Amino acid sequence: VVNLLKTFNIWLQNTLAAKVGADISGDFYNSSLGHDYLFSVESGSSQLMYRVTYDMNVCISSTLALFSLSLSIFSILFILTGILIYDFHLTVVISFLTIGFYLLVERLLRERIIHLGEVRSNHTSELIKVMRESYSNIFDVILTGSREHFTSIFRYNDSPVRAANAQSNV
């Protein structure tokens with residue numbers, strides 16, 4: 001029961017972090033396109049791309065770490081309670097069964113993990129492409145008002161990356 005609850009909580013925290021991350025990074029990218037031309041030229045496209053990718057990942061990692069800490073404290077309380085309730089021999093048997101279960105799941109999910117890596121790779125390259133395109137032509141983006149166009153492409157590719165990250169963590 002504890003393992004199922006822990007697996008569900010890990011899935012939940014990763015899913016929430018992915019959704020929050022996709023919203024935050026999309027909004028941050030949108031706001032970075034909204035600066036005036038001089039700011040964009042002075043910052044440079046590589047600095048703006050770095051801020052969108054790295055700084056947002058740090059923010060999302062912090063959120064995920066907070067979720068993880070809460071989950072760990074909750075899980076430790078359940079495990080300690082379980083050890084106190086059940087005897088030692090039953091705890092050893094359950095531990096071996098749990099290890100066996102995790103090894104079985106690892107074998108079954110190997111192909112899925114590889115697929116998620118491919119999804120992340122493909123969409124990440126599209127994210128970099130759209131950021132390069134928009135930041136290198138920031139003058140045109142500002143003049144033509146195509147900020148929303150680039151933001152929609154960014155969000156379209158960012159969401160699957162965050163979802164694949166969340167799914168691969170579970």
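In the predicted model described here, helices α1 (2–33) and α3 (45–85) each contribute at least two residues to a nonpolar patch. The patch lies on the surface and is formed by L5, F8, W11, L12, L16, F74 and F78. Together these residues present about 600 Å² of accessible area. Helix α1 provides the largest share of the patch, namely five residues.

Two members of the patch illustrate the setting of α1. L12 is found in this helix and has a relative accessible area of 31%. L12 is therefore classed as partly exposed, since its value falls between the limits of 20% and 50%. L16 lies in helix α1 as well, and its relative accessible area of 39% makes it partly exposed. Along the chain, L16 is 150 residues away from A166, yet the C-alpha atoms of L16 and A166 are separated by 8.6 Å.

The overall architecture was examined next. The secondary structure of the protein chain consists of six helices and zero strands, and from the N terminus on the order of elements is α-α-α-α-α-α. Of the 170 residues in the chain, 25% count as buried. The chain exposes about 11,200 Å², of which carbon and sulfur atoms supply 66%. Among contacts between residues at least 6 apart in sequence, 88% join residues that are at least 24 apart.

A further pairing across the sequence involves S152, whose place is in helix α6. S152 and G26 are 126 residues apart in sequence, but their C-alpha atoms are 8.4 Å apart in space. With a relative accessible area of 42%, S152 is partly exposed.

Attention then turned to the interior. In soluble globular proteins, nonpolar side chains tend to be buried together. The largest nonpolar core in this model comprises 13 residues. Those with the most contacts inside this core are Y29, L33, V130, M131, Y135, F150 and F154. Two or more core residues come from each of α1, α3, α4 (88–136), α5 (138–144) and α6. Helix α4 gives the most to the core, with four residues. The surroundings of one core residue, F150, can be described in detail. Leaving aside neighbours within four places in sequence, F150 is in contact with Y29, L33 and V130, which are also listed among the core residues with the most contacts. The other contacts of F150 are with E133, S134 and V141.

Charged side chains were also considered. Side chains of opposite charge can pair when their charged atoms come close. The structure holds one salt bridge, in which the side chains of D158 and R162 meet at 3.4 Å, N to O. This distance meets the criterion for a salt bridge because it is within 4 Å. D158 and R162 are separated by about one helical turn, because they are four residues apart in helix α6 (residues 147–169). Both D158 and R162 are buried, whereas S152, in the same helix, is partly exposed.

Finally, the confidence of the prediction was assessed. The mean pLDDT of the protein chain is 76, and 85% of the residues reach 70 or more. Confidence is highest in α6, at a mean of 81, the helix that contains the D158 and R162 pair. Confidence is lowest in helix α2 (residues 37–43), at a mean of 69. Where pLDDT is low, the predicted coordinates should not be read in detail.

Notes. Residues are numbered from 1 along each chain as its sequence is written. This is a predicted model: local features need pLDDT of at least 70, side-chain atom pairs count only at pLDDT 80 or more; totals for chains, interfaces and linings use all residues. Side-chain values use heavy atoms; hydrogens and water are left out. Buried means under 20% relative accessible area, exposed over 50%, partly exposed in between (1.4 Å probe, protein chains only). Patches are made of residues with over 30% relative accessible area and no salt bridge: like charges are joined within 9 Å, nonpolar side chains (Val, Leu, Ile, Met, Phe, Trp, Tyr) within 5 Å. Accessible areas come from the Shrake-Rupley method with a 1.4 Å probe; for residues, only the protein chains shown count as cover. pLDDT is the predictor's confidence in each residue, from 0 to 100. A nonpolar core is a set of buried Ala, Val, Leu, Ile, Met, Phe, Trp, Tyr and Cys residues joined through side-chain atoms within 4.5 Å. Contact means heavy atoms within 4.5 Å.
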